[in-house]
Amino acid sequence: PNPAKNTINLFFSSNVNQIETLLYNEVGQLVDKGNSRNIDVSRYSSGVYFLKVNTEIGKTVKKVVIQH
């Protein structure tokens with residue numbers, strides 16, 4: 001769900017094996033990097049973030065709002 005409170009869950013319409021996630025704050029600083037379909041955002045301040053997801057079938061960037 002957007003806004004996220006504790007976790008961002010990623011779902012894909014195709015079967016993907018390789019996932020890289022990069023979470024950036026609103027000034028472009030990398031705050032989290034991983035390879036999971038579930039991202040714990042409970043430790044980040046409320047605000048606007050950008051989630052970049054790289055897979056073997058493509059890349060996307062989504063705006064995410066974290067709200068506690």
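Buried denotes a relative accessible area under 20%, exposed one over 50%, and partly exposed the range in between (1.4 Å probe, protein chains only). The model is predicted, with local features requiring pLDDT of at least 70 and side-chain atom pairs pLDDT 80 or more, while totals for chains, interfaces and linings use all residues. Residues are numbered from 1 along each chain as its sequence is written, and side-chain values use heavy atoms, with hydrogens and water left out.

**View 1. Asp40 in strand S4.** Strand S4 spans residues 38–40 (strands are DSSP runs of E, at least two residues, numbered from the N terminus). Asp40 has a relative accessible area of 37% and is therefore partly exposed. Its side chain forms a polar contact with that of Ser42 at 2.7 Å (a pair of N or O atoms within 3.5 Å, one able to donate a hydrogen and the other to accept it; residues adjacent in sequence count only if both atoms are side-chain atoms). Lys5 lies 35 residues from Asp40 in sequence, with a C-alpha to C-alpha separation of 9.1 Å.

**View 2. Asp32 in strand S3.** Asp32, within strand S3 (residues 30–34), counts as buried because its relative accessibility is 14%. The side chains of Asp32 and Tyr44 make a polar contact at 2.9 Å. Beyond four places in sequence, Asp32 touches (heavy atoms within 4.5 Å) Thr21, Leu22, Leu23, Ile39, Arg43 and Tyr44.

Definitions and conventions: Helix = DSSP H or I, 4+ residues; strand = E, 2+ residues; numbered from the N terminus.
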